[in-house]
Amino acid sequence: MSQNLIKPATIFTSKPPPICYFLFFIILCILGFYALHFPPRIPQNAALYRQMFLSSGDNYTLYSYLRALTEHPHLAGTKPSLDTANYVKTHFQTLGLETHVVPFRALLSYPFHASVALHFRNGTAVKLPLNEVGVSGYAVSGLVQPYHAYSPSGSAHAKVVFVNYGREEDYRTLAVRGVDVNGCIVIARKGDDLGRGAVVEIAEAKGALAVLIYADGDRNRGGFGSGVERGTVMRGVGDPQSPGWPGVEDGEKLGLQLSEVLSRFPRIPSLPLPFETAQIILESLGGGLMPQEWRDSGQSRFSGVGPGPVMLNFTYQGEKKMATIYNVFAVIRGSEEPDRYVLLGNHRDAWTYGAVDPNSGTAALLDIARRYALLMRNGWNPRRTIVLCSWDAEEFGMIGSTEWVEQNLINLGAKAVAYLNVDCAVQGPGFFVRATPQLDNLIFEVTKKVKDPDSEGATVYEKWTTINGVKIIQRLNSVDSDFVPFLQHAGVPSVDMYYGSDFPVYHTAFDSFDWMVNHADPFFHRHLAVTGIWGLLALHLADDTILPFNYHSYADQLKEYKDVLSSFVDNSISIAPLTTSIEELYSAAKQAEDEAKRLKEQEATATSVILKMRALNDRLMLAEKGFLDPEGLKGRQWFKHLVYGPCNNHESKLVFLPGIADSIQESTRMRTEDEQKAIQHEIWRVARAIQRAASALRGGTQLM
């Protein structure tokens with residue numbers, strides 16, 4: 001350290017210059033401003049408003065919102081979708097809320113024509129049905145025919161091979177039996193948590209010409225076997241022509257023929273099939289015998305996997321075109337910290353009617369807006385700003401939310417407290433939640449305040465813990481809803497919640513208001529529960545003087561990950577860097593917890609205490625950003641979060657620490673020395689990220 005520093009005594013023994021008096025005056029003015037404009041909140045009032053929020057819930061109101069939202073199909077980029085956006089906007093405006101509509105231009109994908117026909121050896125052919133059985137008048141109703149968004153147009157005339165779920169291990173099983181899919185059309189069934197895009201990607205790598213995907217019938221779909229699951233097969237998220245920046249009008253757009261854009265799309269066509277049509281194809285297959293384990297899992301009717309002997313003629317024609325999408329926002333400005341944002345989001349667009357996905361969540365968002373407006377009429381204003389977000393084009397790859405996050409990345413990085421996502425609010429029975437770990441305790445506390453919709457006299461927490469046990473909060477590793485850009489790109493603490501683990505009419509024409517009323521939530525009590533939890537979480541995050549974040553939970557979770565990771569690496573790999581950094585996070589979490597206790601015990605009217613609370617809150621809020629790395633994940637640089645994000649290898653057994661997981665999977669293709677270096681480097685990257693989070697939580701800077 002330099003020895004030329006001025007000694008402290010020289011500062012205080014001489015007479016202060018006039019500038020010191022001026023600076024002292026400025027500081028007093030600043031403190032006075034905060035004391036005047038940031039008066040203390042009265043905890044009793046906050047509790048009363050939270051109780052008022054819960055007691056103002058009304059299941060019939062939720063029923064009426066959902067009925068209006070699902071009157072017509074509303075695929076993103078269409079006129080009915082714009083009508084739905086206007087419905088949400090008008091609702092916010094009628095409540096007297098500050099309302100904004102933010103448009104973007106994005107590349108979407110729509111079908112023109114599709115056909116599949118079996119050609120037999122005797123020269124006969126049978127054209128197979130592709131639409132839902134019992135659904136007529138697609139054009140009149142506005143229903144889009146079943147298709148895979150961003151599938152390339154193409155045709156194939158080839159033999160068919162059944163590939164089970166389409167996993168790498170399924171292709172290995174076929175190879176052992178001498179079955180090669182190169183030059184064939186493959187048919188796969190949905191399952192084993194492998195997304196449709198991954199199924200197509202793997203088939204493409206194996207040399208397949210086209211892919212057909214179906215969902216098992218009555219066994220998994222509750223009697224809705226004729227429903228056909230639409231969906232996207234694009235890789236990544238956001239508008240493919242504006243990767244990393246917002247797709248605004250007259251903004252930069254990459255050409256469709258650039259490799260960076262083309263790499264987002266499959267090179268072989270694909271289609272979803274009705275269950276009944278898939279059975280016809282499977283029954284026609286000869287070739288090698290189906291493995292016993294495939295038969296045991298629901299395919300016992302069929303004996304062959306192909307190829308052949310029949311030929312399949314496959315055609316798909318679609319188009320990719322620019323469309324305008326619309327995000328709609330309602331803003332409730334904070335009275336004390338208006339520059340801190342608590343965001344609640346749900347997407348509005350649907351493949352068909354969208355009663356479950358996503359408009360059960362939209363109905364909940366509209367009801368939260370109604371209840372907040374009621375609180376405001378009774379004198380409430382949040383301490384921090386609340387933003388209600390209605391996203392567009394999520395079904396095409398989280399496009400609306402991603403473009404907005406990219407447009408507001410700097411502000412979100414510095415000012416966003418948390419993002420609370422609800423996609424499908426109600427799918428069926430049972431409460432499920434995914435979150436970043438610092439929010440665990442808050443989720444537990446809030447669910448203790450909300451009545452369980454299926455058990456008289458019990459809370460959601462009591463029923464939830466009874467069914468699921470202790471480890472009941474899942475994490476946000478996947479890429480399947482609008483929390484992705486907030487957490488995995490911008491580093492905003494996030495939550496995603498819903499009732500029901502799955503539902504049989506997912507992305508089909510049967511995802512209708514009638515199905516919701518008759519099957520998922522007849523009395524809308526589950527809607528009421530999700531709305532209560534969602535809105536109450538936001539009230540705590542917006543009103544609590546000290547943010548209810550607990551980073552000890554985060555350190556616990558990271559320690560668990562480290563312990564699991566140790567079983568995947570040998571002694572040549574050191575996990576000591578992770579051990580050290582996690583200990584640092586434990587220490588920083590303890591310091592933050594102790595500081596929060598001290599501040600809560602002090603008089604909240606003191607200006608110095610108010611400023612200390614503000615500083616602590618900023619550290620609690622910004623610590624999540626420490627887990628971001630500017631270089632992102634290898635091969636997927638847009639994804640910046642090193643703890644939660646997608647693994648590149650579909651066979652990875654680790655569903656966390658994606659960079660490390662990928663390096664372990666790739667190690668089988670490297671020399672031993674290169675393998676060790678690659679894994680060790682990723683471990684160091686994560687260790688540094690944890691240290692950054694701990695440093696942000698402690699505050700201050702590391703000086704020489």
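His507 is found in the loop between strand β15 (494–499) and helix α19 (513–520) of this predicted model. Helices (H or I, at least four residues) and strands (E, at least two) are DSSP runs, numbered from the N terminus. The phi of His507 is near 60°, a positive value in a residue other than glycine. Its side of the picture is completed by accessibility: His507 is buried, with a relative accessible area of 5%, where buried means under 20% relative accessible area, exposed over 50% and partly exposed in between (1.4 Å probe, protein chains only).

Asp250 also has a positive phi, near 65°. This residue lies in the loop between β7 (231–232) and α10 (259–262). Asp250 is exposed, its relative accessible area being 77%.

Most residues other than glycine have a negative phi, and most peptide bonds are trans. Two cis peptide bonds are listed below.

| Cis peptide bond | Omega |
|---|---|
| Gly308 to Pro309 | about 5° |
| Asp357 to Pro358 | near 10° |

Both prolines can be placed in loops. Pro309 is found between α12 (292–299) and β9 (311–332), whereas the loop that holds Pro358 runs between β10 (337–347) and α13 (359–377).

Residues are numbered from 1 along each chain as its sequence is written, and side-chain values use heavy atoms, with hydrogens and water left out. Because the model is predicted, local features need pLDDT of at least 70 and side-chain atom pairs count only at pLDDT 80 or more, while totals for chains, interfaces and linings use all residues.
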